[in-house]
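Student: Got a minute to walk through some helix packing with me? I'd like to go piece by piece.

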Amino acid sequence: MTVSQNSISVASLGFPRIGLHRELKFALEGFWSGKIPESELLETARKLRASNWLLQRDRGISRIPSNDFSFYDHVLDTAVMVGAIPSIYSWRGGDVPLSTYFAMARGSEGDGSADCGHTHHGQGTPALEMTKWFDTNYHFMVPEVSEEQDFVLTSQKPVDHFLEAKALGVHTRPVILGPVTFLKLAKARHGTFKPLGLLSKLLPVYEELLRRLVAAGADWVQLDEPIAVLDLTEGERHAFSVAYKALTKAMPDLKIMLTTYFGALADNLIALADLPVAGLHVDLTRAPGQLDDVAKVVRKDQVLSLGIIDGRNIWRADLAAIADKLAPIVAARGTDGIEIASSSSLLHVPIDLELETDLDADLKSWLAFATQKLSELSVLGKALGGDKAVVASEIEAVSKAIAARASSSKVTNASVQSRIATIGNDQKKRAGAFADRQKIQSEAIKLPLFPTTTIGSFPQTSEVRKARSAHSKGALTDAQYEAFLRQETETTIRWQEEIGLDVLVHGEFERNDMVQYFGEQLCGFAFTQHAWVQSYGSRYVRPPIIFGDVSRPKPMTVRWWEYSQSLTDKPVKGMLTGPVTILNWSFVRDDIPRSEACRQIALAIRDEVNDLEAAGAKLIQIDEAALREGLPLRHKDWKHYLDWAVESFRICSSGVADRTQVHTHMCYSEFNQIIDAIAAMDADVISIETSRSKMDLLDAFRHFKYPNEIGPGVYDIHSPRVPEVKEMMDLLSLARQRLQDRQIWVNPDCGLKTRKWEEVKPALVNMVEAARSLRREHAKA
């Protein structure tokens, strides 16, 4: 597909880096395990970049990104590039080796020493803190900076990738995380200083990088500043002015496309529109209502980039409606003053729909993955650039598919709609207050002080994955696969008994994914074979597609819980994924409110909770790992989201008797500002990630006087290192400063699915010993 002379400029803000067949994952894991040399990893990366650039060129994209590739994470890339490398990683200047880069991402094994505020009495060096990228399902590594921080350009990766593309005949627009966003996302290593105060030190490094890009032949650069859609202070808005006046003054011949996404600029619009940049990008899929305001204030000498193809969901765009909506803007500003773009990087969607040969034909006709979105951009570029007749048939085909979806009987279920309409207040609260439930549960379950448990999953070894694959291909019969899973489950139950865990889990070997496993058993969900999306590093997921009304035809987990509990006298938790997490970790239908889709899922999970209790489960965990990550980016929108999210959790958890202990688990949640909502969930026990934050996240629970029980994670499962007993004891001592002893559970940060048994076994043995040591201390007090 070539670009017409009359086509408006069309841009991709970034393309998935993982490879059509997950080539990056396998190369990374091969390198980490020592199976392939660094040279092979580098060659795989080079081929992936080349393939992405040529694909985008051939699909008609005129603004093709470079430097959107990363071995692990683009924020980490930026931290390494500007020399924001804590001294714990033993970098002393010069080029940064991959070993240092991956130590920051994953931690490292070997002898470590405490430095720079990191306490790690165990083996190796801990990774940087990791959290979610705004309200997406992508994780980024949180940069750490000190008040005395010196920045230095340690590499010219953006220049190298620009030249690499140039050698292929592709002129790219380099993508760089903007300086204001980088510092806003950074964490102070010591004290309470604001990293944004380091802006004057950081800008010279950006200026040097831009100079090198110009010398290499770059005429445009894309500087991503997504924090512009957040609630900003006047000081933070002023930082944009300081930064971009300095950068444009230093490099007057380089055009800067200031790129914002994931929301509306709102009260930050005037400040950004006033910046001396050549272009401004806005997200019109997450915030379509900002178009008129933006069009009024963006200067005529600036290029207005309109993000009208959704970079975060997989439904086909209504090209006819978009073209009609944008035609007046294009007419007013001219084709030279407008750019049509994806709303954000396409990092958040799968690569190519054509790989999905088993999808329902109707559903497939309603979808667009990254490659198809490139074509949508090209079609819109032609239509808005004066070549509408050339693409008329393509636009008409899209309109027919959208109309067919709206009227499809596959989408709507009358019984689900009726059940939603009759949800009453009695379905949204537990019968007894927590204090009463706690007494009843204590008598019924009889656990020691500082009870130990895990979050749910155990290592999905190569044997487990091979058995699942063999079963799906017919090489293992149902009976053979069942026998294998039973043996894995029994072995895991016996081992947990052996090391002395108090509350056991069955290990979840029958589950492919904590969301997919449930979605495959619910009506209204569809699944893909190859639609992988990066979560972090080499961890990829295939989000389910919620395309219709959701219901549960039959029990989903009861059989495996019953088998597991039959193997032991110790309590085994029932393990479920909560409705908000299922929603937030899926591609959600865009034809009804998210709140309605969530309530539908909640009713399905409620049925499962009730069936587990009827089968005899005394403890049921309903994971809401993603509750906070769905929080809107603007504070004014929080209450609405939290109201329906908490209500959905309570719908699914409130049908059980007071004697049944309801657990929930949350990942990477900064709780201070939503502690009221967490308390309103009214879970008997909540387990959370706290090891990387050194228990700082518990401050919210202490100041709020949270009454329920809490399992603060005592070791980081995202790192291969094994923490020693003393390290866990130190963390638990910090927890005891914030919580009462009777509140504290002892558990890892998260599920153990992605770890190896040789890491998990010694770590959990140490964890149990840490809890026993605390009990001995308590008994002496």
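Tutor: Sure, we'll take a few helices, their crossings and one loop residue in turn. Keep in mind that this is a predicted model.

Student: Okay, α11 to start. How far apart are the end C-alpha atoms of α11, and what should the helix span?

Tutor: The end C-alpha atoms are 20 Å apart. At 1.5 Å a residue, the 15 residues of α11 (residues 319-333) should span 21 Å, so the two agree.

Student: Where does α11 bend, and by how much?

Tutor: The bend is about 40 degrees, at Leu326. There's a proline within the following four residues, Pro328.

Student: Which residues of α11 are buried?

Tutor: Leu319, Ile322, Ala323, Leu326, Ile329, Val330 and Arg333. So Leu326 has two roles in our chat: α11 bends there, and Leu326 is buried too.

Student: Why would residues three or four places apart point the same way?

Tutor: An α-helix has 3.6 residues a turn, so that spacing brings you back to the same side.

Student: What do the buried residues of α11 pack against?

Tutor: Two strands and three helices: β11 (303-309) and β12 (338-342), plus α10 (291-297), α13 (370-384) and α14 (392-407).

Student: Let's zoom in on α13. How do the axes of α11 and α13 cross?

Tutor: They come within 10 Å and cross at roughly 45 degrees. The two helices are therefore oblique to each other, and α11 passes α13 in a right-handed crossing.

Student: Which residues meet there?

Tutor: From α11 you have Leu319, Ile322, Ala323, Leu326, Ala327 and Val330. Across from them in α13 are Glu376, Val379, Leu380 and Leu384.

Student: And what follows α11?

Tutor: Gly334, with a positive phi near 85 degrees.

Student: Switching to α7. What's just after that helix?

Tutor: A glycine again: Gly217, at a positive phi of about 115 degrees. As for α7 itself (residues 199-216), its 18 residues reach 26 Å from first C-alpha to last, close to the 26 Å expected.

Student: What do the buried residues of α7 pack against?

Tutor: The helices α3 (74-81), α5 (157-167), α6 (179-185) and α8 (234-250), along with β6 (172-177) and β8 (220-224). The buried residues include Leu202, Val205, Tyr206, Glu207 and Leu209.

Student: New pair: α22 and α23. Roughly what angle do their axes cross at?

Tutor: Roughly 20 degrees, with the axes of α22 (residues 594-615) and α23 (residues 638-653) coming within 7 Å. That makes α22 roughly parallel to α23. The crossing is right-handed, and among the α22 residues in it are Cys598, Ala602 and Arg606, while α23 brings in Trp644, Glu647 and Ile651, among others.

Student: And how about α26 and α27, what's their angle?

Tutor: Roughly 50 degrees, and the axes come within 9 Å. That makes α26 oblique to α27. The crossing is right-handed; the contact includes Met728, Met729 and Leu732 of α26 and Met767, Ala770 and Leu774 of α27.

Student: Last one, Phe262. Where is that residue found, and is it buried or exposed?

Tutor: Phe262 is found in the loop between β9 (255-259) and α9 (269-273). Its relative accessibility is 4%, so Phe262 counts as buried.

Student: What is Phe262 in contact with, beyond its sequence neighbours?

Tutor: Its contacts include Trp133, Phe134, Val229, Arg286, Arg312, His348 and Leu633. Also, Phe262 and Ile227 are 35 residues apart in sequence and 9.1 Å apart in space, C-alpha to C-alpha.

Conventions:
Residues numbered from 1 in each chain as written. Predicted model: local features only at pLDDT ≥ 70, side-chain atom pairs only at ≥ 80, totals over all residues. Heavy atoms only, no water. Expected span 1.5 Å × (residues − 1). Bend = angle between axes of the 7 residues up to and from the residue. Buried < 20%, exposed > 50% of the residue type's maximum accessible area, 1.4 Å probe, protein only. Contact = heavy atoms within 4.5 Å. Axes fitted to C-alpha atoms, helices over the stretch in contact; angles between N-to-C directions. Parallel < 35°, antiparallel > 145°, perpendicular 65-115°, else oblique. Left-handed = near helix turned anticlockwise from the far one by under 90°.
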